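The following paragraphs lead the reader through the structure, beginning with the chain as a whole and ending at its ligand.

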Amino acid sequence: MAETWTVLKILQWTAGYFKEKGIDGGRLDAEILLADVLKLNRVGLYLNFDRPLSSDEQAAFRERVARRARREPVQYILGTTEFWSLPLQVTPDVLIPRADTEILVEEALKKIAGSGAILDVGTGSGAIAIALAHELPEARIDAIDISPAALAVAEANARHNGLAERVNFRQADLYHLSGGPYGLIVANPPYIPGAEMSGLMPEVRDFEPHLALLGGDADGLAAYRALATEAGRLLQPDGWLLVEVGLGQAEAVDRIFIRAGLQDLFVRDDYAGVPRVVGGRNLR
Ligand SMILES: C[S@@+](CC[C@H](N)C(=O)[O-])C[C@H]1O[C@@H](n2cnc3c(N)ncnc32)[C@H](O)[C@@H]1O
């Protein structure tokens, strides 16, 4: 007789399997993937521990488990994530937006008056631009990316959140920016130094777009140099440049901003205490 797989039994088995594969937080991932298959939320799973899975449900779950065991991020398997409590589609063409990036949104909201002009550089899934459009109904928002595939995802995300009219997405290279003047420029640019790419977790290194990760110059900071240099031309007087930085990069980016003549510099830590956002103002 075929074995009966209940919700609880398959979760326990999968958590152990993910652990063997070196995946941290495997039980949570198992729950998220199973909830997706069964069209339940996680509380629903807990209320249905004894429910047997049909053979179709088992097959659909097995396919997701196999992908996760190969270290594909859960968000790509589901095709969705949340940023700023807004649902966003994610495909392998875009970086999975991180909770840390919400710090950049929080700081941006402190710096911009409601009706200002904003530029989001390297918009990816559109996460930052869409969160700002959601919070600032009067703001005019441009969002650029060099990747047409990423822009298609960002546009779909703006549409699904009812914000398509609020963000002007266009293809552009951050090293040749035009437009403005902006009251605020925000960017979470690629910032991983080339020498560090091979040491990234497989979820990041093998699945997220390298275009979104690999920063230019040996130290990964080329995008910050370009943005700081161009800030005087693109920002209105008093306008702010706010960027997300990688682990250990805040001091160097701060120095880049000082050398470029930006003023009122500040650094904001994320909730893990890591300096995460650097900001400076165009007072020329
Ligand atoms: C770290 S991801 C950030 C995505 C999104 N803003 C977020 O915070 O989740 C960097 C983005 O910059 C884009 N990018 C890389 N090089 C670029 C360039 N030269 N000009 C414009 N965008 C670029 C990538 O395609 C990617 O979408």
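Which domains does the domain assignment of the chain give? In this predicted model, the assignment yields domain 1, covering 7-70, and domain 2, covering 94-281. The centres of domain 1 and domain 2, taken over C-alpha atoms, are separated by 35 Å.

Attention now turns to the ligand. The ligand occupies the second largest pocket, where 20 residues surround the ligand. The closest of these residues are Gly122, Asp145, Asp173, Leu174 and Asn188. By residue class, the shell around the ligand comprises 12 nonpolar, 6 polar and 2 charged residues. Two elements of secondary structure may be singled out: strand E4 (140-145) and helix H10 (210-213) each contribute at least two residues to this shell.

Which backbone atoms make polar contacts with the ligand can be described residue by residue. At Gly122, a backbone N or O atom lies 2.8 Å from a nitrogen atom of the ligand. For Leu174, a polar backbone atom is found 2.8 Å from a nitrogen atom of the ligand. At Gly124, by contrast, the partner is an oxygen atom of the ligand, which lies 3.5 Å from a polar backbone atom of that residue. As for the surface of the ligand, the ligand taken alone exposes 590 Å², and the protein buries 95% of that area.

Taken together, the description of the binding site joins a pocket that holds the ligand, a shell of 20 residues, and backbone contacts that include those of Gly122 and Leu174.

Notes:
Residues numbered from 1 in each chain as written. Predicted model: local features only at pLDDT ≥ 70, side-chain atom pairs only at ≥ 80, totals over all residues. Heavy atoms only, no water. Domains from an automatic or database assignment. Near = heavy atom within 4 Å. Polar contact = N/O pair within 3.5 Å; in protein donor to acceptor, adjacent residues only side chain to side chain. Areas by Shrake-Rupley, 256 points an atom, 1.4 Å probe, with all protein chains shown as cover. 1 Å grid on protein atoms, 1.4 Å probe; cavity = no way out; pocket = protein on both sides within 12 Å on 5 of 7 lines; lining within 4 Å. Sits in = over half its atoms within 2 Å of the grid points. Helix = DSSP H or I, 4+ residues; strand = E, 2+ residues; numbered from the N terminus. Nonpolar A, V, L, I, M, F, W, Y, C, P; charged D, E, K, R; others polar.
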